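Work through the exercises below with the structure at hand. Try each task before reading its solution.

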Amino acid sequence: MIQAIYLYGSEVLRKVAAPADLSDKAALAALVQDLWDTLDHSDGCGLAAPQIGVSLRVAVVNGDVMKDVYPYLEGFRRTFINPVVLEESAQQCEYNEGCLSIPGLYADVRRPESITVEYYDENLEKKTESFDKFAARMIQHEFSHLDGELFTDLVAPIRRKMLSKKLQSIAHGKVGTAYKAKIK
């Protein structure tokens, strides 16, 4: 079911998400389906459970929406349940990031160029996988949500100060979106 996406200023976005209970398969399957339904009806490439008001360590990414810019992402879709980053590259790269919870704002953010992650997929199979380039970027962005961190927290302090008025406008509901959104 399509859920509202919580916007900047919502408390749930600042909480460290709890591990998902793998024994409650029905609830987990419903949450994963809600994340995919919501993401597929928005204009983003990833979504974490806290962004739909559920403080659990679950996220989805869809590289297909970026295949025109990054052809290697065609067919790239992943569900991450209780992910753990095992390794990050020392090499960093900078990309311009945006976020469904912070509509209309974009900023350059430095993150590790590649990562290795252990996680459970939508079938509750444990996997270990390495990612690089924009796939690593999408995944790290969503994992930040699981730790109560937003991309705007990672920009240079002067840039953050420049964004503060826009962020406050979003927190006060002065923003339009093409998807269901709310602040709580």
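A helix here is a DSSP run of H or I with at least four residues, and helices are numbered from the N terminus. The model is predicted.

**Exercise 1.** Find the helix that holds K133, then describe the backbone and the exposure of K133.

*Solution.*
- Step 1: Locate K133. The residue lies in helix 2, which covers residues 133-146.
- Step 2: Check the backbone. K133 is not a glycine, yet its phi is positive, about 55°.
- Step 3: Judge the exposure. Partly exposed means between 20% and 50% relative accessible area. K133 has 42% relative accessibility, so K133 counts as partly exposed.

**Exercise 2.** Is N82 buried or exposed? Place N82 in its strand and give its phi as well.

*Solution.*
- Step 1: N82 sits in strand 4, residues 77-88.
- Step 2: Its phi is about 50°, a positive value although N82 is not a glycine.
- Step 3: Buried means under 20%. N82 counts as buried because its relative accessibility is 15%.

**Exercise 3.** Describe the largest nonpolar core and name the element that gives the most to it.

*Solution.*
- Step 1: The core has 21 residues. F76, F80, F131 and I139 have the most contacts inside it.
- Step 2: Strand 3 (58-62), strand 5 (92-99), strand 7 (114-120) and helix 2 each give two or more residues to this core.
- Step 3: Helix 2 gives the most, with seven residues.

**Exercise 4.** Which residues does F131 touch, leaving out those up to four places away in sequence?

*Solution.*
- Step 1: Start with the phenylalanines: F131 touches F76 and F80.
- Step 2: Add R78, E113, S114, I115 and V117.
- Step 3: Finish with A136 and I139.

Definitions and conventions. Residues are numbered from 1 along each chain as its sequence is written. This is a predicted model: local features need pLDDT of at least 70, side-chain atom pairs count only at pLDDT 80 or more; totals for chains, interfaces and linings use all residues. Side-chain values use heavy atoms; hydrogens and water are left out. Buried means under 20% relative accessible area, exposed over 50%, partly exposed in between (1.4 Å probe, protein chains only). A nonpolar core is a set of buried Ala, Val, Leu, Ile, Met, Phe, Trp, Tyr and Cys residues joined through side-chain atoms within 4.5 Å. Contact means heavy atoms within 4.5 Å.
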